[in-house]
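Student: I'm new to this structure and would like a close look at a single part of it. Could you pick one strand pairing, walk me through it, and then show me the wider setting?

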Amino acid sequence: MPDAVRLRGRSWGDLVFRGAVTLGALAVPVLMGFLVYELWVGARLAVERFGVGFLVTSVWDPVAGQFGAFPLIFGTLLSSLLALLIAVPLSLGVAIFLTEFAPERIRGPIAFVIELLAAIPSVVYGLWGVFVLIPVLKSSIFPFLRDTLGFLPLFKGPIYGPSMLSAAIILAIMVMPYIMSVSREVLLAVPPSQREAALALGATRWEAVVSAVVPYARSGIIGAIILGLGRALGETMAVTMLIGNRNEIAASLFAPGYTMAAVIANEFTEAATDIHYSALTYVALALFLVTVVVNAAARLLIWRVSRGRPTGGRAL
Amino acid sequence: MNRQRLRRGISNLMVAAMGVAVVLAVLPLLLILGTLVVKGAGSINLDFFLKMPVPAGETGGGVANAVVGTLLIVGAACLIGIPIGMAAGIYCAEYQGSRLALITRFVADVLNGTPSIVVGVVAWTLIVARQKHFSGLAGSVALAMLMIPMVMRTTEELIKLVPNSLREAALALGYPRWRTSLAIVVRTTLPGIVTGVLLATARIAGETAPLLFTALGSQFMGTNLNQPMAALPLTVFTYATGPYEEWHRLAWATALVLIVVVLLLSVVARLATRQRFERRG
Amino acid sequence: MRSLLFAFLMTTPLAAQSLTGAGATFPYPIYSKWFDAYARKTRVQINYQSIGSGGGIRQFVQGTVDFGATDGPMSEIQLAAVKGNVVHLPTVLGAVVLSYNLPSLGAGRLKLNAPLIADIFLGKITRWDHPRIAALNPGLTLPKTDLIVVHRSDGSGTTFVFVDYLSKVSPEWRSRVGSATSVSWPTGLGGKGNEGVTQQIKQLEGSIGYVELVYALSNQLPVVLVRNSAGQFVEPSLEAVTAAAAGTKLGKDTDFRVSITDAVGPKSYPIASYTWLLVKADTPDAAKGKVLRDFLAWMLTAEAQQMASGLGYAPLPGDVAALVRERLKTLKAGGKPLA
């Protein structure tokens, strides 16, 4: 900087500014440090008593002080994977349609409307799920499934209403906008030359998409799916209102289940013994670690495809 | 030639299937909004906003305390979360390569994906257990923890978009570094940051899980953040899971109010972003 | 006077104290009525959150609330956690009833006995047309549908009362499941709070669950006639609950932690219970201690106890109320008696 341009007091302003923003930036890792520390301290009692076996044992008995989180982990994974099974074909179908096939003018508005689904609070999904979705499922769709596919253990047994399948369906609706939105971004990042080359070789529009565009964006799409998984794993309110809150592994999808997030919501304020409280914090810690790993994997995959593309004001 | 027709047929079939997918994807939103309007709109009147809740099982009453509670809790969360988020975002954009920026960016991404129930647990151990009482403030802290990474990322991305030539011009004109950053933030990116903030606010206004063990809830009007407080999402949850028809009626109405506010904020935010990008060409 | 203006006035510095309590959902309807009436009378705001007895005990032990509420008395371990600094004060009597959703029964009333109830909740009986149920209910046409059990998903005093009864009448239950505010249920769906269980029963045809009487009454749910130890099928009425309490005489030095399930007497309802407020015997905050004590004194008046019977809870028997009044005099703050 030429001396003539230096203004008096510049060093003070710069120092204050730099100090302020540095403090802000420091706050983030510090906050995370608190988070991990508090979770660890709270969980320590349970970790010491149950060890890693906590994750694979099934007894959850507050009376006897015995806790094992396997049905919770199973329920969390099953509900999320089922939700993906439903949401991924839908989301990808919509994303591909909106990037490759839809008329120009409706692309924006439709994407917008679907993304609005992401703004609906979880508890509102729960409310709608309990009073609208479950009665419909219980009266028509579940009995139909039991009548047609009842030879499979998946669709046997009494139909309660609140169940693993109900929770999976509401989760699917909740994660769909995320998968669709990120897939769409990823597909838009594919160079048009890919599609054009396939078309030039005589492919139909569908074949061009399937053989040239999607494989190019494959890791990004997988990233989008894993992002959806990450969201599904942590969902609390809608799940606890629809899943039946039963800490057991059942073969039937019509049976109630339980997830890690739901058990924390239900039992945390009333864990009457220290070991119960610690077991719940252990569950929270496990849930945290799982979502960290899943989200990190997702972002890595997405970054690889849409590298360098500005994401603008979108805070996903 | 038959093969060609088959392939084209498949192509058209798949396009049609995807069209069905779009309809199926749009359907839930319409159904949910429709149900909320049908079941909730009738209960929304002045009484609903101005009256306090009545004892369990009785009829009448409103959600005045929950409205005030949400405004206060979310307001406090914004007061905490926005400055920290923006400061962190500015740092990461201005000092991009530094170690702190890399760490902060990574941590913010992790925080973004953290389930809100886990954040609620942490806020309980950090504040409620230590203070030995529930409080709206603990709820605000939990919500702020959710808000900070969102605001940070938005701020950072927008500031990074500003071309360096603008910065260099300002510096060449003799602006000190700090004024350059602030002037750029104010003049060019503030609209985008505001929309990001609106989106983050909309997201935390609807959160229930972090408030379950922090704000706890209250039947009374509370203006003291250091006490348990009511909040709209808590009201929806308590009333929806209860047995009284009266509670269900209020739950629908409250959910409708909540969703209108959240959607309004989101729509305004996205429309503003869209316009801004379109103007830039 | 529930206007917004009044509500805001209540929050000004001129307004009186506020207390926070949490716990049992069992007495929530009467507590919410009491606290509302008391606030209008004295401007003291008592914020009560019904998070379940387990929560009430936990938050009381943690010290995050001014008082707790539970229908399952604290265990020895929990008492040790607060070093004995707690008084259990009974407030009303209530009944845990079995409610069900069987529209096809119409006005007919289901009768069940203890072994049958235990086996239903043990998961051994899964259909409504089971011969054992039919044997007890010759006049009813039972549907050929699944029997769905609903229990509590949270830590509950209502659960405690129910499983305490089951443990007394079923050796298999006692050894397999046991008795506490939160047990490992052999079968069924979980609902949060009495509110949640009532909700589930209302929504699910073919379900049966246990709830506090008032929840069944205010939601027009049918109630099972349970066979008591004298062999009578008893309706869970105020008289039957009071009869159950009369069977257990409390001594002057009682700590009030008594169970009145499976009570003797031909008119006794077998699944009845006191519900308690947990108050510090010696509180560090004298002002709050006094405010709480004043409320408790009001709670024992005829005015308040009549509100209880109006809702379906049995008021405290005269001798028990007298004992509670005496116990209030022993509450201390910082070692000294309250003003």
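Tutor: Strand S6 (residues 148–152) of chain C pairs with strand S7 (residues 189–191) of chain C in the parallel sense, over 3 bridges. Strands here are DSSP runs of E at least two residues long, helices are runs of H or I of at least four, and both are numbered from the N terminus. Two strands count as paired if DSSP finds at least two bridges between them. This is a predicted model, where local features need pLDDT of at least 70 and side-chain atom pairs count only at pLDDT 80 or more, while totals for chains, interfaces and linings use all residues. Residues are numbered from 1 along each chain as its sequence is written, and chains are lettered from A and ligands numbered from 1 in the order in which they are written.

Back to the strand: His151(C) has Gly190(C) as its bridge partner in S7(C). S6(C) also pairs with strand S8 (residues 207–212) of chain C, again parallel and with 3 bridges. There, Ile148(C) is matched with Ser207(C). How covered is S6(C)? Mostly: 5 of its 5 residues are buried, meaning that 20 or more other C-beta atoms lie within 10 Å of a residue's own (12 or fewer would be exposed, in between partly exposed, with C-beta atoms placed from the backbone).

Now hop over to chain B, which has 11 helices and 0 strands. The radius of gyration of chain B, taken over C-alpha atoms, is 23 Å, well over the 19 Å that the globule rule (2.2 Å times the number of residues to the power 0.38) gives for 281 residues, so chain B is more spread out than a compact globule. Its C-alpha atoms fill a box of roughly 70 × 70 × 35 Å along the principal axes. Even so, 56% of the residues of chain B count as buried.

An automatic or database domain assignment splits chain B into domain 1 (2–42) and domain 2 (47–280). Their centres, taken over C-alpha atoms, are 33 Å apart. Between them, 5 residues of domain 1 are in contact with 5 of domain 2, contact meaning C-beta atoms, placed from the backbone, within 7 Å.

Chain B also meets chain A: 74 residues of chain A are in contact with 84 of chain B. On the chain A side, helix H1 (residues 10–50) gives the most, with 20 residues.

How values were computed: Two residues are in contact if their C-beta atoms, placed from the backbone, lie within 7 Å.
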